[in-house]
Amino acid sequence: MFGGSGKRAFVRTEISQTETLLGIALLILVAGIGMGVYIKGQHYDPHLFALDESLLSAEPPVRQSIKLVERSAEGRVVGEVVEAAGLLEGLESAGWSELGAMESFTAETLYEKINGRAEQYLAYDVVGMEFVGLAAADGAFIDVFVYDMGAVKNAFGIYAVERPEDAIVEELGRQGYRVESSYFFCKGNYYAQIIASELGEEVRRAAEALARELEQRLAGSDAEVWGVQAFPTEDRVAVQYYKLNALSLDFLRETYTAQYRRAGEEWTVFVAQHESEELAASTMEQYLAYLRDYGEVSAPRQVDGVDVFTGDLGGFYDVVFRKGTLFGGVNLAEGQALAERGADELLGALE
Amino acid sequence: MRITHVRLVSQIFFVCLFFFFCFVTQFSYLKGYPASLFLEVNPLVAIATVITTHALYQGLLWSLVLLIPTLFLGRFFCNWICPYGIIHQFTGWLFNKRGITDNIESNRYRKVFALKYYILIGMGVAALFGSLQIGLLDPICLLFRSFTVVVLPTLDMSTEWFYVRPHVHQLAWVVGFMLVFLVGMNLVIPRFFCRVLCPLGATLGLLSRFSLWRIHRDTVKCVDCDLCLQRCEGASDPHTNLRKSECFVCFNCIDDCPHDALSFDFMPNVKGEVTGPQLSGRRAVMAGIVGALTFPFSRRSGDVDKIFKKEVVRPPGSVAEVEFLERCIKCDQCIRVCPTNVLQPAMLEAGIEGVWTPIMNMRTGYCELNCTLCGEVCPTGAIQKISIEQKLGIGQFTDLGAVKTGTAFYDRGRCLPWAMDLPCVVCEEVCPTSPKAIYSREVEITNRWGEKVVLTRPYVDPEVCIGCGICEHECPVEDHRAIRVTAVGETRSKERSLLLSMMGETESGGGCCGGGEQSSGCGCSNSSAKGNDSLLQIDLHQTT
Amino acid sequence: MERREFIRRASLTGLAVAGSTVGAGLLYDPRGGGQYFRDELIASAKTLPSYAVDRGANAVTMAIAHGTDPDEMVRAAIGAMGGIERFIEKGDVVLLKPNVAFDRAPLLGATTSPGVLKAVAGLCREAGAKKIIVADNPINQPEGCFFKSGIKAAADEIGAELMLPRPSAFADVKIGGDVLGTWTTFYEPFAAADKVIGIAPCKDHNLCSGSMTMKNWYGMLGGRRNQFHQHIHGIVSDFPHMVKPTFVLLDATRVLMRNGPTGGSLSDVATGDTLVVGTDMVAVDTYGYSLLGRDAANLEYLHRAQKRALGTMDWKSQNWREVQVG
């Protein structure tokens, strides 16, 4: 076969059986090697040829941002730190695109964006604000404001203050509501406003989608607003929180108020938390002084070991008491019995 | 079913398998095929890398599959499996038209056939010192290299079967003519390479001394007609005392003997054979001395350390240069599989030891970001098998950081926005890292015509740059690019690093990151405490 | 010498002399100056026909679809344009030109989404297209790019022919633009196709600020196209002059907001959930630019193209539709 000129002197013809059998065995071996190579070829790790997509990180590169610190309802720092910069990142709705860049503000720079309105947020100890504006192709726009109020009660407070009477309640965060196409809610330390530029179902839907998306993103603390939990819930209409000048009284700070309505009668209760019993007593003294200035104060009743004073302000009755570090009562009720019953119920609910 | 026909089938199968592996060693077809199989079963590669690295790397364990049968049967590899040997035999068959007497004379043993043993000894002694040079003449390495560098590109010119974008390899003509020369020498001496030069053949020849089977001549039946030499492939003197170290177990002699005097017997009398190769002791020693001198001669030329050339940008996943030269067998499989044609066989850039080892030339290509195929096919671990995840420095390798093969530098005298008031920044456009390693600053200038022009001028961030070279490759200043990647800053070698922040511990081995900012534990990349990865990252205990 | 011998030998010599003389005469070329090389190049260069379809003056020129399912969005958008039958005829060979420039995973938004490509191909087949071709000349390695971007798998699924940019597939094409005169182009797909559809992602671009349907055709250029960055807005505005596709599609299901055109991090990618189909590339790109959050008034190549009457930036005044799917 191979080699030579082809003209061989002799060609062997006698092949022994051993040789034949050996030959067949070797052929089978060779075929087996071929099969083995083929099979090996079909088994391989696809990540050798393309990057495993699950390894792609969605984390943005490190950027400067305001660091927001989660505080508990009492205002103390909880370990977690929430990056503001991530909050509004990529917040979009179909057909709506970012109009300009996202903006970040601190308490000091807040007025640059919202001018005079900054005052009321500062009153509630705002820490910072994130803003992004979204525009649709037809010129409508939605402004998204997220205020970091530093504490749950502050967020709740500013939310409650801004909330109008005719708000439509929505399942959004904590007591979210809607006014026409705009959405408002608070969650954890944050107060969010999604304000749409015009009416219309399409705009409203986009705003709603944004509001829900935003709600998902905001880290809500589990701690509830103290006042919402502490006040008796039956017949309760609304709860507010005031950092200053609660009930128009300049000595009443950090006060929760709530309105009640029962059988045509309405009354307002309030409770202020204090650091110590002395401070609570001091506030009560100031309140009683105010009552004596504008009306009469009766001798205190004893309810569960607590002194309860009734003040008559000429047709309107206030009832106040101090329980431990809490100072509270009923404000401007239209009947003594009504006021006293409201105060007793409140006292009974407070622990 | 005569045994020589079976051998023929085997030859066709293995040469086709070799061609198949050559073809399939590329991105689209590789899948899971063991493309390095021929190199992994190669006992010379295994033994030589064991000598240089004191370990048997991964797939080289397969070499036992060839080694052990050789110890029983002799040099059957040379005629049953070796694709290069098959090509030589085929060439000889195709071109040699000789009469019977000429054939017989051409197949007699010659003293020059001992040369391959001296070559092996020289290479073996060099390996003892840590210089791996067997790849220069090993038949599988040589053949694979020839296919990669010259044969497939030549075929592709007329067929377009092998590449989408044509590949070039520098000084391919050297490899091409070497191949043609060695194959052509079959017309002078049949199986010239196999008999005279092949170090693998020499290795197998040395191992054949232990073989238990050999061709045995029945002296009674034999009439001394010498017809068995007609087609003797190994020139192993079957007509007298068989030289076991030269016999290729081709069985042609058995077919040709008219008197049935030859057979393949189990342990025949040792008197009828020449067991080991006949070597001159003095010449063997001389070969050893030459081999030994290779090491100091080449290392003291400085190419590995002091005056290493900036063009020696090694593939990603390569080990540091000293280890690299202990491992690279110059098979050029990495060059074959590289999809972008960036890998080129070096000539003297990496020194005399680095001839035909792979270096990156960004004019022919660049290192594709999501690709680690070179390490996947490397049979000896000169390029480690790293995952794409490790190469990019993501996922579990985030602390370690990306593998950098070099750093890019701007030549501001040639860059269009820097030197010629022309806009460009293709480099920034194609930079694949995230964030980009090329950033730019806008500057307004007044050009020579008095017009105000805003130019975007690019800069390199050496901390992010991985040295992939696509910037250099795409730079429009084609002849000598305005941005060029050089070897400094590569992560595989402490000596060639650029930034202190990428270096890990300082030379004194004490504090961390120079600045002492990290107190508890070192958050730096390239800590040598990573065990297995120390080959890739900086080995802090390595001495130059 | 015999006469026959003489005749034979003299004839042979005579033939050789005659042959040399005649051959020299035929091959003689007196021209000089090198100009004729360029003339021949231009004369032998191919031209691209127009692949546009005339649907009448009142036809919808742009349709925007919003949604999350690419198949539904493509159907809705093309439906709003009048339906695929207005564009593709039975027996057509359709070239789909995606952006496969880089070896990125689809999630990274640097390449056309495989889902969108499949949806368009599906519709073309419904209209009776005989063959679908998918082609692009990537910046990174072709085989790797098609595989890693998922386009190869998509092409296999839809039974399309994937044309790779081999050297023999290129030819000089006469373009006659501001920047492009005659240039080597990935011609084979164009030659084979009856209809051409461009499918481009919506990307930030470090040099020209936005890479959308016009810039997509850059991927069909060959040769040393890295020179064009010296005149990038000029060349991008040349593309609507060079290629008259049947229609184009802006795949804004994902939008690469920054670090373009290569991207490389998921943080660079925003969900767009939008798809735009149009026959006016300038209009489509104007809309697409707003998805990047930018003002199209600042994009030079749009103005250039508009000035050259290759399209209009004022898409709102044209006949356009917007649909919300799902």
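**Exercise 1.** Check the length of helix 6 (residues 201-217) of chain A against its expected span.

*Solution.* This is a predicted model: local features need pLDDT of at least 70, side-chain atom pairs count only at pLDDT 80 or more, and totals for chains, interfaces and linings use all residues. Residues are numbered from 1 along each chain as its sequence is written, while chains are lettered from A and ligands numbered from 1 in the order in which they are written.

- Helices are DSSP runs of H or I with at least four residues, strands are runs of E with at least two, and both are numbered from the N terminus.
- The expected span is 1.5 Å times one less than the number of residues.
- For the 17 residues of helix 6 of chain A, that gives 24 Å.
- The end C-alpha atoms are 24 Å apart, so the two values agree.

**Exercise 2.** Which residues of helix 6 of chain A are buried, and what do they pack against?

*Solution.* Buried means 20 or more other C-beta atoms within 10 Å of a residue's own, with C-beta atoms placed from the backbone.

- A:Val203, A:Ala206, A:Ala207, A:Leu210, A:Ala211, A:Leu214 and A:Glu215 are buried.
- An α-helix has 3.6 residues a turn, so residues three or four places apart point the same way.
- The buried residues pack against strand 3 (96-98), strand 6 (141-148), strand 9 (182-187) and strand 10 (190-196) of chain A. Contact means C-beta atoms, placed from the backbone, within 7 Å.

**Exercise 3.** Describe how helix 8 (residues 115-129) and helix 14 (residues 281-299) of chain B cross.

*Solution.* Axes are lines fitted to C-alpha atoms over the stretch in contact, and angles run from 0 to 180 degrees between N-to-C directions.

- The axes come within 7 Å and cross at roughly 35 degrees.
- The crossing is right-handed, that is, the near helix is turned clockwise from the far one by less than a right angle.
- Helix 8 of chain B contributes residues including B:Tyr118, B:Ile121 and B:Phe129. Helix 14 of chain B contributes, among them, B:Arg283, B:Ala287 and B:Phe295.
- By class, this contact has 11 nonpolar, 5 polar and 1 charged residues. Ala, Val, Leu, Ile, Met, Phe, Trp, Tyr, Cys and Pro count as nonpolar, Asp, Glu, Lys and Arg as charged, and the others, Gly among them, as polar.

**Exercise 4.** Is B:Leu142 buried or exposed, and what does B:Leu142 touch?

*Solution.*

- B:Leu142 sits in helix 9 (residues 139-159) of chain B.
- B:Leu142 counts as buried because 25 C-beta neighbours lie inside 10 Å.
- Not counting residues up to four places away in sequence, B:Leu142 touches B:Tyr84 and B:Leu137.
- B:Ile329 is 187 residues away along the chain, with a C-alpha separation of 9.6 Å from B:Leu142.

Terms used
Buried ≥ 20, exposed ≤ 12 C-beta atoms within 10 Å, placed from the backbone. Contact = placed C-beta atoms within 7 Å.
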